[in-house]
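Me: I would like to learn how to read the packing of helices and strands in a model like the one below. Could you take me through it feature by feature?

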Amino acid sequence: MKKITIAIDGFSSTGKSTLAKQLAATLGYVYVDTGAMYRAVAYFAMQHNLVSETHLDKAGLVAQLPNINLRFQFNPTLGFAEMYLNNENIETPIRTIEVSRMVSKVAEISEVRAKLVEQQQAMGKDKGIVMDGRDIGTVVFPDAELKLFMTASSKTRAQRRFDELVEKGQHITFEDVLQNVEERDYIDTNREDSPLVKADDAIEIDNSSLSKKEQFDIVLNLVKEKL
């Protein structure tokens, strides 16, 4: 059976990863969470005092890039691959609001993007992959057979992220999460290198009022058309 590349782009907290995991599990494809890769670099930068609310040592981070080794390792208990930075499992710490505040700053750096895009393209060279991010359909896999662009209102997305963080035991206000969502939207869409834009041939899905099942059914039908 032929295999395709599925590229899922869109704004933060639009459920890209949830959808990508569902598709990969159903199709027996590899799932790559590119957001986790950028979060891992941001986490590394925070640990080495290269980024904070008020400063970004771009030259320092670029110089450290050869010392950043990223890999995904499948966790059969969880049913998905976890992010490892220099052989340390960092799946939990990279999901905090603190890392969320730094990730778009780090993702603006061209040298960071170049390093990660190269790794992502290598992961997908044999197709049979579902990858989500901000520039998958435009930069990483411009020839992907199926491109999706996910969107939802900022308040809907902030509420989803807020509920997720509270469930994980993090103490946070809805206003903080909404501010983070809106800041990331602005940085992601306005950066010079690979800004978040919908690819011309991408199918836009506004899931503000869709359940996860409704969304999955719509997308699975799109996949079947391509297969």
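Me: Across which strands does H2 lie, and at what angle does it run to E2?

Reply: In this predicted model, helix H2 lies across E2 and E6, and its direction is at about 40° to that of E2. On the same sheet packs H9, which touches E1, E7 and E8 and whose direction makes about 160° with that of E7.

Me: In what order do the strands of that sheet stand, and is the pairing parallel or antiparallel?

Reply: A sheet is read by walking from strand to strand through the pairings. Here five strands form an open sheet in the order E2-E6-E1-E7-E8, with parallel pairing. E2 and E8 each have a single partner strand and stand at the edges, so one side of each is left without a neighbour in the sheet. On average, and with direction ignored, neighbouring strands of this sheet are turned by 20° against each other.

Me: Which residues stand opposite each other where E2 meets E6?

Reply: Strand E2, residues 30–33, is joined to E6 by four bridges, and the two run parallel. Valine 30 stands opposite isoleucine 129 of E6, while aspartate 33 stands opposite aspartate 132 of that strand. On to the next pairing: E1 and E6 are paired in the parallel sense over five bridges, and in it isoleucine 6 stands opposite valine 130 of E6.

Me: Is E6 buried or exposed?

Reply: To judge this, one takes the residues of a strand one by one and asks which way each points. Five of the five residues of E6 are buried, so the strand is largely enclosed by the rest of the structure. Ile129, Met131 and Gly133 point one way from E6, Val130 and Asp132 point the other way, and all are buried.

Me: How many residues of E7 are buried, and with which strands does E7 pair?

Reply: Six of the six residues of E7, which covers 146–151, are buried, so this strand is largely enclosed by the rest of the structure. Leu146, Leu148 and Met150 point one way and Lys147, Phe149 and Thr151 the other way, and all of them are buried. E7 pairs with E1 (residues 5–10) over five bridges in the parallel sense, where lysine 147 is the bridge partner of alanine 7. E7 is also joined to E8 by four bridges, again with the strands running parallel, and there methionine 150 stands opposite isoleucine 205.

Me: Where does asparagine 207 lie, and which residues does it contact?

Reply: Asparagine 207 lies in the loop between strand E8 and helix H9. Asparagine 207 has a relative accessible area of 3%, so it counts as buried, the cut-off being under 20%. Leaving aside neighbours within four places in sequence, its contacts are Thr14, Met150, Thr151, Ala152, Arg160 and Gln215.

Me: How should I read the two sides of a helix, and which residues of H8 are buried?

Reply: An α-helix has 3.6 residues a turn, so residues three or four places apart point the same way. The buried residues of H8 are Val177, Leu178, Asn180, Val181, Arg184, Asp185 and Asp188. Seen down the axis of H8, these fall within an arc of 160°, so they line one face of the helix. The face turned away from that buried side carries the exposed residues Glu175 and Tyr186. Among the elements that cover the buried residues of H8 are H2, H4 and H7.

Me: Which residues touch the most other members of the largest nonpolar core?

Reply: A core is read by asking who touches whom. The largest nonpolar core has 36 residues, of which Val41, Leu61, Ile68, Leu70, Met83 and Val112 touch the most other members. Two or more residues each come from H2, E4, H4, H5, E6 and H6, and the largest share, nine residues, comes from H2. Leucine 61 touches Val41, Phe44, Ala45, Leu50, Ile68, Val106, Ile109 and Val112, not counting residues up to four places away in sequence. Apart from this core lies another, of 19 residues, among them Ile4, Ile6, Leu148 and Leu220.

Me: Which strands form the antiparallel sheet?

Reply: Three strands form this open sheet, in the order E3-E4-E5, with antiparallel pairing. Its edge strands are E3 and E5, each of which pairs on one side only. E4 and E5 are paired over two bridges, and leucine 85 stands opposite glutamate 88 of E5.

Key:
Residues are numbered from 1 along each chain as its sequence is written. This is a predicted model: local features need pLDDT of at least 70, side-chain atom pairs count only at pLDDT 80 or more; totals for chains, interfaces and linings use all residues. Side-chain values use heavy atoms; hydrogens and water are left out. A nonpolar core is a set of buried Ala, Val, Leu, Ile, Met, Phe, Trp, Tyr and Cys residues joined through side-chain atoms within 4.5 Å. Buried means under 20% relative accessible area, exposed over 50%, partly exposed in between (1.4 Å probe, protein chains only). Contact means heavy atoms within 4.5 Å. Two strands pair if DSSP finds at least two bridges between them. The arc is that of the directions from the helix axis to the C-beta atoms. Axes are lines fitted to C-alpha atoms, for helices over the stretch in contact, and angles run from 0 to 180 degrees between N-to-C directions.
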